[in-house]
Amino acid sequence: MFKDTRAFSGFSVNDIQKAKEFYGRVLGLKISESHGLLHLHLAGGTTVLVYPKPNHSPATFTILNFPVANVETAVDDLTKRGVRFEIYDEADFKTDDRGVSRGVGPVIAWFRDPAGNILSVLEDM
């Protein structure tokens, strides 16, 4: 039934203007805006809808993953742009002091958007 439908994903934020600045200027994504909604235009023709929600609660899981050739380089570049990476120091899960995880799975680092939603950069394998 939906195999030919152009589905898309979306998530909420508490401030569209802050999201527009972050996703457009800080992350360098192509964005557009219509009817109070923000559209993130990702590589490959994918569009993600960002919508305002007054009682927004940040996602407790990763909502967007950005594959990169080198996580260290991406972390350096984003840190220079003011992005702070999450540091995890749990018994079974740790990141280094820059927020990079080299455990099971790909090399990955997590950060948050201004609304508190979790994003990641991970090495494209």
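Two strands are said to pair here if DSSP finds at least two bridges between them, and the helices (H or I, at least four residues) and strands (E, at least two) are themselves DSSP runs, numbered from the N terminus. The model is a predicted one, in which local features need pLDDT of at least 70 and side-chain atom pairs count only at pLDDT 80 or more, while totals for chains, interfaces and linings use all residues. Residues are numbered from 1 along each chain as its sequence is written, and side-chain values use heavy atoms, with hydrogens and water left out.

A good place to begin is the hairpin that β2 and β3 form, with 2 residues between them. The two strands, β2 (30–34) and β3 (37–41), pair in the antiparallel sense over 5 bridges, and Ser 34 has Leu 37 in β3 as its bridge partner. In the loop between these strands lies His 35, whose phi is near 55°, a positive value in a residue other than glycine. Most residues other than glycine have a negative phi. His 35 counts as exposed, at 82% relative accessibility, where exposed means over 50% relative accessible area, buried under 20%, and partly exposed in between (1.4 Å probe, protein chains only).

The hairpin strands belong to an open sheet of 4 strands with mixed pairing, in the order β1-β4-β3-β2. Because β1 (9–13) and β2 stand at the edges with a single partner strand each, one side of each is left without a neighbour in the sheet. From one strand to the next the twist averages 25°. Further along the order, β3 is joined by 4 bridges to strand β4 (residues 47–52), and these two run antiparallel; His 39 has Leu 49 in β4 as its bridge partner. Helix α1 packs on this sheet, touching β1, β2, β3 and β4, and its direction makes about 160° with that of β2. Such angles run from 0 to 180 degrees between N-to-C directions, the axes being lines fitted to C-alpha atoms, for helices over the stretch in contact, and contact means heavy atoms within 4.5 Å.

Within helix α1 lies Phe 22, which is buried, with a relative accessible area of 8%. Leaving aside neighbours within four places in sequence, Phe 22 is in contact with residues including Val 83, Phe 111 and Leu 119. Phe 22 and Val 83 are 61 residues apart in sequence, yet 9.4 Å apart in space, C-alpha to C-alpha.

A second open sheet of 4 strands, also with mixed pairing, has the order β5-β10-β9-β8. Its edge strands are β5 and β8, each of which pairs on one side only. Helix α2 packs on this sheet, touching β5, β8, β9 and β10, and its direction makes about 140° with that of β10. The strands β9 and β10 run antiparallel and are joined by 5 bridges, and Trp 110 has Ser 120 in β10 as its bridge partner.

In helix α2 (residues 71–80), the residues Val 71, Ala 74, Val 75 and Leu 78 are buried. They lie on the same side of α2 because they cover an arc of only 100° around the axis, an arc taken from the directions from the helix axis to the C-beta atoms. The buried residues of α2 pack against α1 (16–26) as well as β5, β8, β9 and β10, whereas the face turned away from the buried side carries the exposed residues Thr 73 and Lys 80. Following α2 comes Gly 82, whose phi is positive, near 95°.
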